[in-house]
Amino acid sequence: MIRLRIVTCLASLLLALLLHLSAHAQGSFAQTIDQVQPKIVKIFGAGGLRGLEAYQSGFLISGEGHILTVWSYVLDSDAVTVYLNDGRKYQAVVVGMDPRTEIAVLKIDGDGLPHFSLEEAVPLDAGSRVLAFSNLFGVAFGNEAASVLKGAVTAKTDLAARRGAFETNYRGPAYVLDAMTNNPGAAGGALTDRRGRLAGLLGKELRSSLTNLWLDYAIPIGEIATPVEEIIAGKFRPMPRDENVKKPKEAHTLALLGIHLVPDFLPKTPPFVEGVKPGSPAAKAGIRPDDLILFVNQRVAPSCKQLADELTFIDRLDPVKLTIQRGQELIEVTLEVE
Amino acid sequence: MMARWSFFAGLAVVSLTALARAADVPQLVLDAQKQRIAAIAKATRSAVAVFANNGNGGGSGVVITPDGYALTNFHVVQPAGSYMKCSMADGNLYEAIIVGIDPVGDVALVKLLGRDDFPAATLADSDRVQVGDWCFAVGNPFLLATDFQPTVTYGIVSGVHRYQPPSGTLLEYADCIQTDAAINPGNSGGPLFDAAGDLIGINGRGSFEKRGRVNVGVGYAISINQIKKFLGCLRAGRIVDHATLGATVAASDDGRVLVSNILESSDAYRRGLRYDDEIISFGGRPIGTVNGFKNALGIYPKGWRVPLVLRRDGKEQEIHVRLTGVHATEELNKLMERRPRPEPQPKPDQPQPDQPQPDKPQPDKPQPGDRPQPGDRPKRGQPRPLPIPQFPPAERPGQQEVKIPPEIQKMIQPRTSFANYYFNELNRDRVWAAAKAKGDFGSLGGVWKLNGQLQAGGKVEVTLGNESSQGAFPAGPAKVEEGKDLDQQLDPPGSGGLLAALHVWRQLLVSGPQKFGDVYYYGTAPYANVSDLADVLVATRNVAELNLAFDPQTGLLAAAEMTVDADADPCELRLSDYRDVNGRQFPHVVEVRVGDRVWGVIQWSQVELATAEAKP
C-alpha cells in the first residue's frame with residue numbers, strides 16, 4: 001500500500017515535471033515576471049549631470065523595507081526617492097554600505113512588503129538561463145514596471161582577473177551574461193533564474209580601458225549576503241549614533257591630522273583630500289591629495305561635514321583609523337598624534 | 001488492487017524511459033522549436049527590406065495587405081523620398097511608392113507594386129502583449145538584406161505601455177513595446193512579431209548612450225493597435241497628425257491626474273472639461289498617472305472623438321471630446337519640407353565609436369519645439385530613432401537624380417498636406433462611388449422640396465436650390481443665399497446652421513466631389529451611428545467645412561457635420577431611415593445636434609427632388 005502511494009506520487013510528480021517543462025519550453029515568462037516585479041524598486045537620487053544618471057535600480061530584501069542596491073553617487077543625496085512597482089513613493093534612508101563589494105542597503109518604512117529572501121538565493125552555473133530586472137535608462141517611472149531582459153550566464157569568473165582593465169572595487173566572482181543587462185541605471189537590479197528565484201545583483205557599468213568593451217555581469221548573492229547582514233546589523237552604519245555617547249574634551253580635528261579637504265559646497269560633498277600638511281600625521285600615514293575618505297574607525301563618513309563630525313567623537317590620544325579609496329584601491333591607514 | 005499497482009508501476013516505468021530519452025531532447029522542446037520555426041517562416045514572408053533609390057540608405061518594413069500596402073518608419077521614407085525599392089524573402093525586388101505618413105508617430109505606409117497576392121502579416125492585438133512574452137524582430141539591420149534574406153533576432157518583451165517623449169521636435173512614441181530582441185540601425189520600420197508570428201509592432205527606436213549606435217538590449221516598437229487607428233488616415237495619402245486634448249494634465253500630491261491648464265477654445269472645454277477636473281479614464285483606459293494619460297492620448301489621430309470620464313466634486317461624468325492636432329496644419333507641412341541631413345554613419349564592421357563622446361549634445365536637454373508638460377518625468381537618457389544606415393561610398397549608386405518610370409510617376413502626386421495625393425483621390429472616388437451606387441443625385445439639380453415633422457412637434461418645410469434655400473421651422477423662417485458668407489446665415493436659431501448644412505449637403509450630392517470644390521478623403525474615424533470606423537470626406541465650401549461620414553458596410557452617408565467656426569460646435573446631422581425615392585436611397589430621418597444637445601429630430605414625410613431644368 002505504501003509502495004502504491006509512492007508510485008502514485010512519483011507518477012503525479014512526473015506529470016507535474018512534464019507540464020512544467022512544457023510551460024518553459026514554449027510559454028511566456030509573463031507569470032514568473034509578474035511574481036518578481038513587486039520586489040523590484042526604482043531609485044532616484046543625486047546626479048542628472050552629464051553622463052551621470054540620477055537613477056538606479058534595487059530590490060526589496062525584507063518585508064520591513066530593506067532594499068539592496070549598489071553604492072554610487074546616486075545615494076549621495078539627502079533625498080533618495082524609491083518607487084515601488086505599484087507606484088508607491090518613499091523617501092529612503094541609507095542604512096549603510098560596503099565599499100569592497102560596492103553595495104548599499106536602503107530602508108523605507110514598510111510592513112509586509114513583497115521581497116526576495118537572500119537565504120533562498122540560488123547559485124548559477126554557466127549556461128543557466130536568467131532574467132534581469134532593472135530600470136535601465138530610467139525607462140520606468142512611478143508605477144511603470146521595470147524592464148526585463150533575458151539571457152544566459154556565459155561564465156562564472158573572477159572580476160579580479162581583469163584588474164587594470166576593468167576599474168572596479170569588487171574583485172570577487174561574477175556571472176558574466178550574454179544579455180545587455182548593464183546599462184545606465186541598471187546597477188542594483190536583480191538577476192533571477194528563469195523561475196524568478198534571486199541569483200545575483202546587477203553590477204555597475206564596467207568598461208575595459210584596454211578594449212573599450214562593456215561588461216555585462218552580476219554579483220552572485222552568495223558573495224554579498226554577509227556584508228548585507230553586517231550592514232543591517234549595524235556595521236558600516238553612519239547613523240544614528242547613540243545620543244548618550246559623550247564627546248571627548250579634546251577630540252581630533254582635520255587640521256590637527258594635517259588633512260585639507262576639498263571645499264564643502266554641496267549638501268553632501270564627498271570628503272576628497274585636497275592637500276596634506278607636510279610632517280603631519282596624515283603625511284606620515286601616506287595620505288595623498290585626491291584620496292577619498294570612506295570610513296573613520298569603521299563608521300561611514302559620506303560627506304565632509306559628517307567626517308568632521310565623526311572626528312569630534314575620537315579622543316586625541318586615541319589613534320584614528322581611516323579607510324581610503326585611492327583610484328580603485330582600498331587602503332586602510334592609522335593616524336596618531338604624537 | 002494488483003492490477004492497479006502494476007498499472008502505476010507501468011506508468012512510472014514508461015515515464016522514466018520517456019524521461020531518459022527526453023534527456024537528449026524532450027519532445028516538448030522539439031515541438032516548441034517546430035512552432036518557432038513555423039512562426040518565423042510565416043513571419044519572414046511578409047517582411048520587407050526598404051532601399052532608397054537615391055542611395056540614401058534604407059530600412060525595413062512589413063506587408064499588411066495582399067495588394068501590397070506595407071508599414072515602415074517615417075524616418076526611413078523621409079530620406080528615401082516617394083519612390084523606393086523593396087526586397088522580400090521570395091527573392092524579388094519590388095517597386096514601392098509612398099502612401100501616407102504619420103511623422104509624430106514615426107509611421108509611414110507605402111505600397112509595393114506588381115502583385116495582388118503579397119504574403120501579408122496578420123495583425124495581432126498588441127494590448128494583449130505581456131512583459132516576458134517571446135517576440136522576434138525581422139528586418140534589414142546594417143542593410144544586410146542585399147541578398148534579400150531578412151535577419152531574425154529573438155528576444156522577449158521587456159516592457160509594455162512605455163511612453164517615450166518627443167525626440168527633437170516630432171517623434172513621440174506613446175504606448176510602445178520595449179524589447180531586448182536586437183534592434184539595430186536598419187531595423188527601422190521593420191516588424192516585431194509575437195511568438196505565433198503575428199505582427200505586434202513596428203520597430204523604430206532604441207536607447208543608445210555610451211555604447212554607440214548599436215543595440216544595447218533596449219529597442220522600442222510602435223504598437224500595432226495604435227497603427228490600426230491611423231491606418232485609414234495613412235491610406236488617405238495624408239500627412240497625419242497626432243492629437244491633443246487642448247488641455248494639459250499634472251499629477252496632484254495624492255497621485256491623481258488633474259487638468260492643469262485648458263484652452264477655452266477647445267472642444268474639451270465646450271464639452272465641459274474644466275481646470276482641476278480629475279481624469280478617470282480616456283478612450284476606455286483607466287488613467288492613474290500623467291504618463292498613462294499621455295499613452296492613452298498618443299495613440300489617436302487628430303480629429304477623432306474619444307470618450308473621457310472626469311470627476312468633479314465626487315461626481316463622474318462621461319464626455320466625448322473631439323481631439324485637435326498636435327501641430328497646426330501649416331506648422332506640420334513646414335516641418336515636412338525640411339529634409340534631414342543624413343547623419344555621419346559608423347561603418348557596419350566597426351559600429352562602436354572608439355571613445356565615449358561626453359561632448360556630444362545630450363538628448364535629454366530640452367530641445368526647441370519640445371512640448372514640456374507639467375508632470376514630466378525626471379530627465380533621463382532619451383531614446384532616439386535608429387539611425388539610417390548607409391552603404392559604403394564604393395557600393396553606393398551615384399547621387400544622381402532618380403528616374404521614376406512614367407507608369408509609376410502617375411501614382412505619385414505631391415500636394416501640400418499630403419504625402420501622396422494620388423491615394424487620396426483614389427479613396428475619395430471609392431467612397432463616392434459606393435454612395436452613388438445607392439443613389440445618384442447628379443441629374444437632380446432642380447429644386448428639392450422636403451416637408452416633414454419635428455419629433456417634438458411642429459412642421460418643417462425646406463426648399464433647397466442652387467442659388468438659395470428657404471425653410472419654415474416652428475421657430476420661424478430661414479434663408480440661405482449662396483453669395484453670402486454661410487457663417488452669417490445660421491438659422492434656425494440654436495441649430496448651428498441647419499438650413500445651411502442641408503443646402504451644402506444637397507450641393508455636394510448634386511455636383512459630386514470633383515465639381516463641388518475642395519473635397520478630400522480624411523480617412524477613417526469612429527462615429528456614433530456607424531458600427532465600424534466610418535469613411536470620412538471633408539468638403540470645403542464658402543466658409544463652411546463639411547465632414548461627411550459614410551458607413552463602409554452600406555456606403556450610405558450616416559452623418560454630416562458643418563463647421564463654420566473652428567472655435568464653436570458644428571451643426572451635426574445624423575441621417576437614417578434611408579428609403580427609396582425615385583430609385584435612390586434618401587434619408588428620411590435627420591437628427592440635428594449641436595454639441596451635446598439634440599436640437600431636434602426631423603422626419604421627412606414628403607420628398608420631391610426635381611431634375612435640373614434644361615438650359616435654353
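Which residue stands opposite B:Val107 in S6(B)? To find out, let us walk through chain B of this predicted model, beginning with its overall layout and then visiting two groups of strands.

Chain B is divided into three domains: domain 1 covers 40-235, domain 2 covers 243-325 and domain 3 covers 421-609. Taken over C-alpha atoms, the centres of domain 1 and domain 3 of chain B are separated by 40 Å. These two domains do touch: five residues of domain 1 of chain B and six residues of domain 3 of chain B take part in the contact. On the domain 1 side of chain B, the elements giving two or more residues are strand S5 (93-102) and helix H4 (224-235). H4(B) gives the most to this side, with three residues. By character, the residues on the domain 1 side are two nonpolar, two polar and one charged.

Now let us follow S5(B) to its neighbour. S5(B) and S6(B) run antiparallel and are joined by six bridges. Here is the reply to our opening puzzle: B:Asp102 is the residue opposite B:Val107 in S6(B). The two strands form a hairpin with four residues between them, and in the turn B:Asp106 has a positive phi of about 60°. S6(B) also has a partner in strand S3 (residues 69-72) of chain B, with four bridges joining this antiparallel pair. In that pairing, B:Thr72 stands opposite B:Ala108.

Is S6(B) enclosed or open to its surroundings? Six of the six residues of S6 (residues 107-112) of chain B are buried, so this strand is largely enclosed by the rest of the structure. It helps to recall a general pattern: in a regular strand, side chains alternate between the two faces of the sheet. In S6(B), B:Val107, B:Leu109 and B:Lys111 point one way, while B:Ala108, B:Val110 and B:Leu112 point the other way, and all of them are buried.

Next, let us turn to another sheet of chain B. This one is open, has eleven strands with antiparallel pairing, and follows the order S25-S24-S23-S22-S32-S31-S30-S29-S28-S27-S26. Its edges are strand S25 (476-481) and strand S26 (518-525) of chain B, each pairing on one side only. On average, neighbouring strands of this sheet are turned by 20° against each other, direction ignored. As a general reminder, strands of a sheet pair through backbone hydrogen bonds, in either a parallel or an antiparallel way.

Starting from the edge strand S26(B), we reach strand S27 (residues 534-541) of chain B, its antiparallel partner through seven bridges. Along this pair, B:Val519 has B:Ala539 as its bridge partner, and B:Thr524 stands opposite B:Asp535. On to the following pair: S27(B) and S28(B) are antiparallel as well, with seven bridges. Here B:Leu537 has B:Leu548 in S28(B) as its bridge partner. These two strands make a hairpin with two residues between them, where B:Asn542 takes a positive phi near 60°.

How many of the eight residues of S27(B) are buried? The count is six, so S27(B) is largely enclosed by the rest of the structure. Finally, look for helix H9 (residues 421-438) of chain B, which lies across S26, S27, S28 (544-550), S29 (557-563) and S31 (584-594) of chain B. Against S26(B), H9(B) runs at about 85°.

Notes. Residues numbered from 1 in each chain as written. Chains lettered and ligands numbered in written order. Predicted model: local features only at pLDDT ≥ 70, side-chain atom pairs only at ≥ 80, totals over all residues. Domains from an automatic or database assignment. Contact = placed C-beta atoms within 7 Å. Nonpolar A, V, L, I, M, F, W, Y, C, P; charged D, E, K, R; others polar. Pairing = 2+ DSSP bridges. Axes fitted to C-alpha atoms, helices over the stretch in contact; angles between N-to-C directions. Buried ≥ 20, exposed ≤ 12 C-beta atoms within 10 Å, placed from the backbone.
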